[in-house]
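This report is meant for a reader who is meeting the structure for the first time. Please look through the sequence and the model before reading on.

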Amino acid sequence: MMGAVWSLLGILSGAFIAIQAPINSQLARGLGLPVAAAAFSFLSGAIVLGIIAVAVVRLQGISLDWKAPAPWLFIAGGMLGGFYVTLSTILTPRIGAAALMAFLVAGQLIAGMLVDRVGFLGVAVREISLGRVAGAVLLLAGALLIRLF
């Protein structure tokens, strides 16, 4: 039962990404600068997440261990997210939301296979098999079909 719930939440998360891209593109048109739209998107998300984090910390009576993570981890995720949001904001009006989502998923799969292969940051090592390569090629081919036709 929980597996189905997690899967549905994953689908919902993917839908949010598809909806966020045109919203940020419209914001960029209004502001006149895609990177400004990405910055304000991140700022509003940071404020909302900050409020939620404070509420959860207080409700659960826990304290955050700010010294535990490596310092670069505090920047890396936000930096990568910033690139993603900015590029999505730029690409959505140029190639369309469906093509963008297809290429995003293809890129995520290819990068995910490499993360699995090297065990990046403690991820369980998984070999790159013929089936995984075939799946990535088919996904990339599907993305190209969505973009070109």
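Does Phe74 count as buried, partly exposed or exposed? In this predicted model, Phe74 counts as partly exposed, because its relative accessibility is 46%.

**The aromatic pair**

When the whole structure is searched for aromatic pairs, one is found. It is formed by Trp66 and Phe74, whose rings are stacked, with 6.1 Å from centre to centre and 20 degrees between the planes. The angle counts as stacked because planes under 30 degrees apart are placed in that class.

The partner of Phe74 in this pair is Trp66, and Trp66 counts as exposed, because its relative accessibility is 60%, a value that falls in the class over 50%.

**Overall fold**

The protein contains five helices and zero strands, so that, when it is read along the sequence, the pattern is α-α-α-α-α. Along its principal axes, the C-alpha trace of the protein spans about 50 × 45 × 35 Å. Of the 149 residues in the protein, 18% are buried.

**Annotated spans**

An unreviewed UniProt entry carries the annotation "transmembrane region" for residues 36-59, 71-91, 97-118 and 130-148. Two of these spans can be described in the model itself. Residues 36-59 are 100% helix and 0% strand, and the C-alpha atoms at the two ends of this span are 34 Å apart. Residues 71-91 are 90% helix and 0% strand, with 31 Å between the C-alpha atoms at the ends.

**A buried polar residue**

Asn24 has its place in helix α1, which comprises residues 2-31. Asn24 is buried, because its relative accessible area is 5%, and the cut-off for a buried residue is under 20%. The side chain of Asn24 is joined to the side chain of Ser41 by a polar contact of 3.4 Å. Ser41 belongs to the span 36-59, which the UniProt record annotates as a "transmembrane region".

**The largest pocket**

The largest pocket holds about 150 Å³ of space. Its lining is made up of Leu9, Leu12, Ser13, Phe16, Ile17 and Gln20. Sorted by character, the lining residues of the largest pocket comprise four nonpolar, two polar and no charged residues.

Technical notes:
Residues are numbered from 1 along each chain as its sequence is written. This is a predicted model: local features need pLDDT of at least 70, side-chain atom pairs count only at pLDDT 80 or more; totals for chains, interfaces and linings use all residues. Side-chain values use heavy atoms; hydrogens and water are left out. Rings of Phe, Tyr and Trp (its six-membered ring) pair if their centres lie within 6.5 Å; planes under 30 degrees apart count as stacked, over 60 as edge-to-face and the rest as tilted. Buried means under 20% relative accessible area, exposed over 50%, partly exposed in between (1.4 Å probe, protein chains only). On a 1 Å grid over the protein atoms alone, a cavity is a set of points where a 1.4 Å probe fits but cannot get out, and a pocket is an open set with protein on both sides within 12 Å along at least five of seven lines; lining residues have an atom within 4 Å of a point. Grid points are joined across faces, edges and corners, and a volume is the space filled by probe spheres set on the points. Ala, Val, Leu, Ile, Met, Phe, Trp, Tyr, Cys and Pro count as nonpolar, Asp, Glu, Lys and Arg as charged, and the others, Gly among them, as polar. UniProt positions are given in the numbering used here, feature names are shortened, and annotations may be inferred rather than shown by experiment. Helices (H or I, at least four residues) and strands (E, at least two) are DSSP runs, numbered from the N terminus. A polar contact is a pair of N or O atoms within 3.5 Å; within protein, one must be able to donate a hydrogen and the other to accept it, and residues adjacent in sequence count only if both atoms are side-chain atoms.
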